[in-house]
Amino acid sequence: MSSTTALVTGANKGIGFEIAAGLGARGWSVGVGARDEARREAAVEKLRAAGVDAFGVPLDVTDDASVTAAAALLEQRGGLDVLVNNAGITGGMPQDPTTIDLDTVRTVLETNVFGVIRTTNAMLPLLRRSASPRIVNMSSSVGSLARQQADQAGPVGVAYAPSKTYLNAVTYQYVRELEGTNILINLGCPGFVATDLNGHRGHRTPEQGAAIAIRLATLPDEGPTGGYFDDAGAIPW
Ligand code: NAP
């Protein structure tokens, strides 16, 4: 029996799959949160073949009933120590503010922001019972207003990048409310990673992109909380 259980949302492919693999390689039990049954089970099988104690968690982060059922499943399995909110979408490009279809913004926020709040709140009762709970929210450096002002944060876009800025702000409110608890909450930025999200234009591998989330998921009890990090260190907000 593994002593630590993690849930990774959007773990059927890309960076999330590699986060699950990396946490599993540490001997953790890893819930593969994914909405499509066939893709979820294929990922679980692949992880198990690599020796990971993986199990499938049916999960659509935009759906209340799905998230509630996922929390019940984890409860049934004995609880949850680490939540990695990795699932994310871009909503497609371009996203110029003057021509955007508002439905695109709504759809992106529903997954990248509201999905994180929904999932986190459903899992918090379980995390509160863990000896060393961790929450990792997968952000992006494109969400950094400081980097946008320095023209270092990708193309103009009014859905995806602001969704990560919003996620950063939301994460910080969790940090404030949960101050004084043992829950460490941090934001990770994977760099520009070749995945379906960007048509595989990224220059990093999903394994490299997963490294920061794995580091934040495995922080020691005296580790930081309320940080926004990539592999090189703290990112300006
Ligand atoms: P990806 O390969 O497109 O994977 C995204 C994952 O999220 C998939 O498993 C997808 O599941 C899942 N997902 C989307 N909507 C969901 C929902 N409503 N419920 C549950 N799962 C859902 O993208 P990625 O590049 O690995 O991205 C992972 C995270 O890193 C995202 O938060 C992204 O914003 C962030 N990030 C990526 C990059 C990059 O360069 N790739 C850079 C910065 C930040 P399906 O297969 O069912 O669609």
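## Exercises on a predicted model

Strand 1 (residues 5-9) and strand 2 (residues 29-34) run parallel and are joined by 5 bridges. Helices (H or I, at least four residues) and strands (E, at least two) are DSSP runs numbered from the N terminus, and two strands pair if DSSP finds at least two bridges between them. The model is predicted, with pLDDT of at least 70 needed for local features and 80 or more for side-chain atom pairs, while totals for chains, interfaces and linings use all residues. Residues are numbered from 1 along each chain as its sequence is written, and side-chain values use heavy atoms, leaving out hydrogens and water.

**Exercise 1.** Place strand 1 and strand 2 in their sheet, and find the bridge partner of Val8.

*Solution.* Begin with the pair itself: the bridge partner of Val8 in strand 2 is Val32. Next, read the strand order, which is 3-2-1-4-5-6-7-8 in an open sheet of 8 strands with mixed pairing. Finally, look at the edges, where strand 3 (53-58) and strand 8 (233-234) each pair on one side only.

**Exercise 2.** Compare the span of helix 1 (residues 14-25) with the expected one, and list what its buried residues pack against.

*Solution.* The expected span is 1.5 Å times one less than the number of residues, so the 12 residues of helix 1 should span 16 Å, which agrees with the 17 Å between its end C-alpha atoms. Then take burial (under 20% relative accessible area, exposed being over 50% and partly exposed in between, with a 1.4 Å probe and protein chains only): the buried residues of helix 1 are Ile15, Gly16, Phe17, Ile19, Ala20, Gly22, Leu23 and Gly24. By contacts (heavy atoms within 4.5 Å), these buried residues pack against strand 1, strand 2, helix 2 (37-49), strand 4 (82-85), strand 5 and helix 7. Just after helix 1, Gly27 takes a positive phi of about 90 degrees.

**Exercise 3.** Describe the polar surroundings of the ligand and how much of its area the protein covers.

*Solution.* Start with the polar contacts (pairs of N or O atoms within 3.5 Å; within protein, one must be able to donate a hydrogen and the other to accept it, and residues adjacent in sequence count only if both atoms are side-chain atoms). A polar backbone atom of Ile15 is 2.8 Å from a ligand oxygen, an N or O atom in the side chain of Asp60 is 2.9 Å from a ligand nitrogen, and a polar side-chain atom of Asn198 lies 3.2 Å from a ligand oxygen. Of the 900 Å² of accessible area (Shrake-Rupley method, 1.4 Å probe; for residues, only the protein chains shown count as cover) that the ligand has on its own, the protein covers 95%.
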